[in-house]
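Visitor: Please take me through this model and explain the terms as they arise.

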Amino acid sequence: MASMMVDSTKKMINRWNFQINSDHLELDIESEIVASAGEIIARASFGMDDENGKIVFDQLRTLQMTLFKTNRYVGVPFGKFFNLKKTLEAKKIGEEVDKLLLSIIESRMNSNDKKQHEQDLLGHLLKENNEIDGQTNKALTKKELVDECKTFFFGGYETTSLSITWTLLLLALHQDWQNQLRDEIKQVVGNIEELDINLLADLKKMKWVMNEALRLYPPSPNVQRQTMEDIQVDNVKVPKGTNIWIDVVAMHHDVTLWGNDANKFKPERFMNDANGECKHKMGYLPFGFGGRACVGRNLTFMEYKIVLTLLLSKFRFKLSPSYYHSPTIMLSLRPSYGLPLIVQPL
Ligand code: HEM
């Protein structure tokens, strides 16, 4: 999987090099990173070739935008009738995505060459499913397999690409940290042409920067839960069955938890504490918490480190004057108008 990530990132770097015809290039980094991360997750999840991957990817993205316009009323009685046109549109796109994924799953199930696909997530899922079926008859149905694929695809590509996008914004604003990371890469990784993935674990400052970017701009801006019974929070009684949205963005910027410099980019908060010296142990939740916490965080760490290592070794990033800072919540926390950066080859 790591080599797939290296391949896709190198492809993006080659594309940029090809476009640079003076000493710099202005690019919308958000769409570049999203496209590359989409390719990685399509290949890692389903071993998809670029064409099929792109179709599912584009449809899921449209679905996401459409869903956002309807799902603000989740939990509100009759909420889906508030924006009936969008609800029907989302339903139609959803059915098309399901059909495409189902055809991929069925062709895999019928393929004689199962070994070829055992490396990707769907391959693992189908193999496990066969074994479970043999033993207990409790295998996932095709519909459940389609849902699992969608969860990985949805959960996996945009969150990771946004964490890289926001990091590049912060590094463009903080050239000192950009230099520190470049120095660390030279010391720890050395030759990036023959990237040794095992060395990436020692990129400590990069990990602090990632944690700080996830604090300031958490790609998943809220975590949802439903109360299983009546609960009492201070003097508020929350009845059983209430949908609760935990506002992670607000929590990550709360001065009572982080101090007066809560809004400042200070990666060294994470130097000696994985919780960034937050005053409450539940105050830092970029990956959620408990039994439903994110299952993909290790995959994200790997992709984040590979992409940043390769990009920072090849380019310097500066903010473009055309950047307009307007983070917005569209299910995930994203820049409203992309991220134009000036990219200079080193
Ligand atoms: C920076 C990257 C990521 C962030 C910020 C993130 C964040 C989250 C959050 C906040 C949750 C909900 C946790 C909760 O309710 O307590 C979650 C769940 C989940 N994530 Fe991620 N995620 C990231 C990357 C990934 C990747 C790369 C994958 C897989 C390829 C993934 C797969 C999932 C899945 C399957 C769940 C549902 C887990 C469950 O309900 O049991 N995530 N993620």
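The conversation below turns from the ligand to a helix pair and then to two backbone angles.

Guide: This is a predicted model, in which local features need pLDDT of at least 70 and side-chain atom pairs count only at pLDDT 80 or more, while totals for chains, interfaces and linings use all residues. Residues are numbered from 1 along each chain as its sequence is written, and side-chain values use heavy atoms, with hydrogens and water left out.

Visitor: What makes Cys294 a donor to the iron atom of the ligand?

Guide: Donors are N, O and S atoms within 2.8 Å of the metal (3.2 Å for Na, K and Ca), and sites may look incomplete because water is not among the atoms. The SG atom of Cys294 is 2.3 Å from the iron, so Cys294 counts as a donor, the single one from the protein. Cysteine 294 belongs to the loop between helix H10 (255–258) and helix H11 (297–314).

Visitor: Which residues come nearest to the ligand?

Guide: They are Arg225, Phe289, Arg292, Cys294 and Thr300, out of 22 residues around the ligand. A residue is near if one of its heavy atoms lies within 4 Å. H6 gives the most to this shell, seven residues.

Visitor: Why is the approach of arginine 225 to an oxygen atom of the ligand called a polar contact?

Guide: A polar contact is a pair of N or O atoms within 3.5 Å; within protein, one must be able to donate a hydrogen and the other to accept it, and residues adjacent in sequence count only if both atoms are side-chain atoms. A polar side-chain atom of arginine 225 lies 2.7 Å from the ligand oxygen, so the pair qualifies. A backbone N or O atom of phenylalanine 289 is 3.0 Å from an oxygen atom of the ligand.

Visitor: How do you know how H6 is oriented relative to H8?

Guide: Helix H6 (residues 142–173) and helix H8 (residues 204–216) pack at about 100°, with axes 9 Å apart. Angles of 65 to 115 degrees count as roughly perpendicular (under 35 roughly parallel, over 145 roughly antiparallel, the rest oblique); H6 is therefore roughly perpendicular to H8.

Visitor: What makes glutamate 277 and leucine 331 notable in their phi angles?

Guide: Most residues other than glycine have a negative phi. Glutamate 277 has a positive phi of about 60°, and leucine 331 one of about 65°.

Terms used: Axes are lines fitted to C-alpha atoms, for helices over the stretch in contact, and angles run from 0 to 180 degrees between N-to-C directions. Helices (H or I, at least four residues) and strands (E, at least two) are DSSP runs, numbered from the N terminus.
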